[in-house]
Amino acid sequence: MRRAYWIVGGITLIAVAIVLWTANRPASWTEAEVATLRSLWIGSLPPLPPDPSNAYADDSQAAAFGQALFFDTRFSSNGEVACATCHIPDKMFNDGLPLGQGVGRMTRRTMTIIGTAYSPWLFWDGRKDSQWSQALGPMESPVEHGGTRTQYAHLIDEQYHAQYESVFGELPDFSHRARFPDVAGPVDEPSAHAAWDAMTPADREAVTQVYVNMGKAIAAYERAIVPGPSRFDVYVEALLKNDKEGMQTTLTKDEVAGLRLFIGRAQCIKCHNGPLFTNNEFHNTGAPAAEGLPADDGRASGVSKVLEDEFNCLSQWSDAGENDCAELRFVTSTGEQLEGAFKPPTLRNVAESAPYMHAGQYTTLAKVLGHYNHPPHAPLGHSELEPLGLTANELAQLEAFLRALSGVLIVPPELLVSPH
Amino acid sequence: MKKQTVTVIITTVITVIVVLAAIIFLMPVIGPRYLHPLMMGNQPAPTSLDMSSAHLSDNGLFRVSWTSDPSSPPLNQIHTWTIHVETTDGQPVETAEISVNGGMPQHGHGLPTSPQVTQNLGNGDYLVEGMKFQMLGWWEVRFNITADGQSDTITFNLTLE
């Protein structure tokens with residue numbers, strides 16, 4: 001019997017050793033996984049796509065002018081709100097608030113502008129289809145900048161006359177105040193709207209042309225704001241060079257385990273794909289309605305808005321030909337899948353982008369991951385999520401990985417501060 | 001029973017128990033690498049799918065093929081397809097009315113866009129504009145084809161990796 005104990009003991013030891021060895025050996029990736037990791041790598045981000053709807057998109061003078069506008073609080077009803085009020089460069093062009101705060105409070109969270117040059121749709125509901133038309137939305141929103149386009153035309157005339165003309169040519173003469181009221185535009189506020197309606201069509205066009213050019217200049221500036229590499233990108237670079245040591249020193253075991261979950265069982269990559277970690281389309285993930293706000297139908301309303309938008313790709317103000325507007329021409333405009341669907345935000349710098357979801361419903365990444373692990377019923381439409389069945393340890397690994405997606409912006413530092 | 005046999009049986013049983021227990025307890029550490037695909041939530045496309053880009057329509061009326069520009073359908077990028085329709089004896093069908101839809105059967109959603117045939121290129125070729133796939137995985141693209149008063153459907157499968 002003595003021998004039997006030796007045999008049992010030996011085999012037990014060997015079994016334990018084998019299991020420990022397989023559990024602890026360094027992660028290896030299959031060829032398909034390497035291809036997936038490469039697709040998420042910042043090196044796979046193509047050069048900036050052209051914006052045919054904006055003839056000034058790549059004009060450096062327009063970009064400098066746009067940067068001045070981006071930081072100028074005079075372009076608001078109370079003189080205190082600029083684009084940079086909510087899109088704060090030091091906060092990754094977010095504001096850290098659950099709901100955006102301009103001259104009033106918005107019903108959704110501020111989205112970053114980093115990398116938006118790559119997105120066919122802007123805002124959580126995609127109600128705009130270019131960076132320049134996006135920039136114009138908040139300017140006349142009663143809760144954001146709160147101003148009107150004649151007010152802005154006068155400001156350009158008074159403050160930026162030469163700079164405007166050096167980019168866009170001669171400014172119309174807006175000095176006749178009866179023809180060009182101080183406050184007039186197609187906005188919610190009735191007296192400003194009435195003043196706008198009282199203007200001649202030609203005068204309205206002259207003002208709108210200046211307004212559109214403001215948007216195009218701001219877009220030319222925003223195009224340059226693209227993400228920088230994160231530790232994840234350094235890891236993939238090491239992987240592609242087969243540099244095992246570089247891989248091991250860049251991401252911890254937990255972060256690598258989180259990455260494996262991200263592209264595998266947790267299915268994050270279904271929507272957060274490509275080098276910007278977003279497919280820029282629209283998905284219902286059943287995020288609960290924000291406290292005190294009605295359920296938000298998201299893309300369902302957003303698609304009607306973009307189709308009717310006076311500044312969309314097919315509008316007279318766009319520089320694009322019909323063939324450049326495929327996204328808009330072939331957009332899906334009806335169907336249940338649009339109900340309560342929102343654009344997945346980029347996950348680059350997600351650790352610096354709290355709170356989360358379209359109205360800041362969750363304050364921490366852990367809460368967001370809890371939502372995906374045990375998806376609730378959608379307040380509107382049908383959630384696309386299925387329970388993931390991840391353990392607490394796995395959720396912690398996923399969070400660790402998400403925190404490895406932060407990276408400083410590599411844009412010239414002068415672009416990140418007010419030029420004033 | 002011989003004493004030796006008893007020893008072998010006991011040894012085997014204990015080994016199996018130890019290995020199983022270790023795997024169960026270490027599951028969260030090991031991760032999904034050694035799990036059966038069925039347990040991974042991320043179901044692969046059924047292996048019996050016809051992934052060909054040219055085959056007969058459902059009722060055998062037309063032989064249809066597709067090509068994409070770029071040649072592999074890209075992720076998150078709107079692009080065009082050309083589909084070619086011919087009769088079973090190889091004659092191009094020049095006057096077909098074609099509609100397009102599709103989606104991801106495993107996710108219960110359709111295409112993100114509403115593609116359309118915008119041009120009859122002649123010789124049985126038709127330009128499909130507005131194709132887009134926004135997720136990796138198995139997609140179906142269906143065409144409804146009507147020509148000379150006869151209609152048929154055809155479904156193509158493709159996997160974006």
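Two residues are in contact if their C-beta atoms, placed from the backbone, lie within 7 Å. By that rule, the contact between the two chains of this predicted model takes 38 residues from chain A and 35 residues from chain B.

**The chain B side of the contact**

Three elements of chain B each give two or more residues to the side that touches chain A: α1 (3-30), β5 (109-110) and β7 (125-131). Of these, α1(B) gives the most, with 13 residues. The residues on this side of chain B fall into three classes, tabulated here by count.

| Class, side of chain B that touches chain A | Residues |
|---|---|
| Nonpolar | 18 residues |
| Polar | 15 residues |
| Charged | two residues |

**Chain B as a whole**

Chain B has one helix and nine strands. Along the sequence, the helix is followed by the strands, in the pattern α-β-β-β-β-β-β-β-β-β. Chain B holds 161 residues, and buried residues make up 22% of them. Take the contacts in chain B between residues at least 6 apart in sequence: 55% of these join residues at least 24 apart.

**Helix α6 of chain A**

Helix α6 of chain A spans residues 149-159. Which of its residues are buried? The run from the start of the helix is A:Arg149, A:Thr150, A:Gln151, A:Tyr152, A:Ala153 and A:His154, and A:Ile156 is buried as well. What do the buried residues of α6(A) pack against? Their partners are three elements of chain A: α5 (131-139), α7 (161-168) and α9 (201-222).

Key
Residues numbered from 1 in each chain as written. Chains lettered and ligands numbered in written order. Predicted model: local features only at pLDDT ≥ 70, side-chain atom pairs only at ≥ 80, totals over all residues. Helix = DSSP H or I, 4+ residues; strand = E, 2+ residues; numbered from the N terminus. Nonpolar A, V, L, I, M, F, W, Y, C, P; charged D, E, K, R; others polar. Buried ≥ 20, exposed ≤ 12 C-beta atoms within 10 Å, placed from the backbone.
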